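Thanks for making the time this morning. I would like to take you through the packing inside one model, and then through a single pair of helices.

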Amino acid sequence: MAQRKPDWLKINLASGQDLDNFREIKQMMRGKTLHTVCEEAKCPNIHECWVNRTATFMILGDICTRACRFCAIKTGLPTELDLAEPERVAEASEQMGLKHVVVTSVARDDLADGGASIFAATIKAIRKRLPLATIEVLIPDFMGNWDALKLVMDARPDVLNHNIEAVRRLSDRVRARAKYDRTLELLRRAKEMQPTIPTKSSLMIGVGEEIEDILETMDDLRAVDVNIMTIGQYLQPTKKHIAVTKYYHPDEFRMMKEEGMKRGFSHVESGPLVRSSYHAHEQANAAKGTIAAANA
C-alpha cells in the first residue's frame with residue numbers, strides 16, 4: 001500500500017522576483033546546453049536553490065549507463081562526450097557569480113576513465129575563471145578505477161563527494177552495479193591521496209532500513225574518515241521506482257544528526273528534503289575548519 005506524504009514534505013514554489021531568478025537560471029542552463037541534477041533527478045529543493053542562484057551542474061550528458069531503482073535520471077547508452085563542456089560550466093559559474101560550485105555527472109561506464117578527465121578539466125576551468133570559489137565534485141565510482149580517481153584528486157577539488165546512497169543490507173537491491181564496499185574503498189583512497197581535502201557521502205532513507213542500519217552506515221563512513229554526511233528522505237519519482245516504506249519525522253532526522261556528530265563528522269545535514277548538495281557551501285566550510293584544526 002502506498003504511503004501518504006506527510007505535511008512536512010510540502011515544497012514552497014518560487015513566486016514574484018524569486019520566480020524571475022528561477023527562470024533566469026533555467027534560461028542560462030538551456031542557452032549553454034548544460035544539464036543540472038536539480039532538474040534531471042527531480043530535486044525537491046530546486047526552487048529554493050535556484051532562487052538563491054545555486055545549482056548543481058551535471059556533466060557528461062543526461063543519459064546514465066546504470067538504472068538504479070531510486071533514480072529519475074534517464075538510462076541507456078550515452079552518445080555524447082562534449083570536450084567543450086568544462087568551459088561552458090565555468091562560464092555559467094562565473095555568470096552566476098557562484099562562491100561554491102557543485103559538479104556531478106551521470107555514470108559513464110562506457111568510458112575507459114568513467115569521465116574522470118572531464119571532471120578534472122571542469123575543475124581547472126572553473127578555478128581559472130573563479131579562483132576564490134570553492135569546488136565540490138560528486139563523482140561516480142569509476143567502477144573501481146583508482147587511476148581515474150587520482151585524475152580527479154590531482155585536480156584538487158575543495159570537496160570530494162561520493163554517495164553511499166543506501167545501507168549495506170539494501171544496497172544491492174537499490175543501486176545498479178554500484179557496490180557498498182567499493183564506495184567505502186573509493187572514499188578511503190580519496191582521503192589517502194589528498195588528506196586535506198574533505199570527503200562527503202549521502203544516505204537516502206525510507207526504503208526499508210532500520211535505525212541500526214543507519215548507525216552502521218555512519219560508523220562505516222567514519223571508519224574511512226569521511227568528514228561530511230547528508231541524510232535525506234527518499235521520494236519515489238515514478239511508480240516504476242522502488243516504493244517508499246517509511247516517511248521519517250523531522251524529530252528522527254534531528255536524532256540522526258546528533259548521532260552523526262557524536263561519531264565525529266565535521267558536519268551532518270539531516271532532514272526530510274535534504275539532498276547531497278543542500279547547503280553544500282556551509283558543509284564545505286565546516287569540514288575545512290575541522291581538518292585545518294586537526295593538522296595545526
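I will begin with how the model is to be read, then turn to the cores and the helix pair.

This is a predicted model, in which local features need pLDDT of at least 70 and side-chain atom pairs count only at pLDDT 80 or more, while totals for chains, interfaces and linings use all residues. Residues are numbered from 1 along each chain as its sequence is written, and side-chain values use heavy atoms, with hydrogens and water left out.

The largest nonpolar core, meaning buried Ala, Val, Leu, Ile, Met, Phe, Trp, Tyr and Cys residues joined through side-chain atoms within 4.5 Å, has 38 residues, of which Phe 119, Ile 139, Val 152 and Leu 160 touch the most other members. Buried here is under 20% relative accessible area, with a 1.4 Å probe and protein chains only. Among the elements giving two or more residues to this core are β3 (100–105), α6 (146–154) and α8 (180–193), but α5 gives the most, with 7; helices (H or I, at least four residues) and strands (E, at least two) are DSSP runs, numbered from the N terminus. Apart from this core lies another, of 31 residues, including Ile 205 and Val 226.

Now the pair: in the contact of α6 with α8 (heavy atoms within 4.5 Å), Trp 146, Leu 149, Lys 150 and Met 153 of α6 meet residues of α8 that include Arg 182, Glu 185 and Leu 186.

Terms used. Buried < 20%, exposed > 50% of the residue type's maximum accessible area, 1.4 Å probe, protein only.
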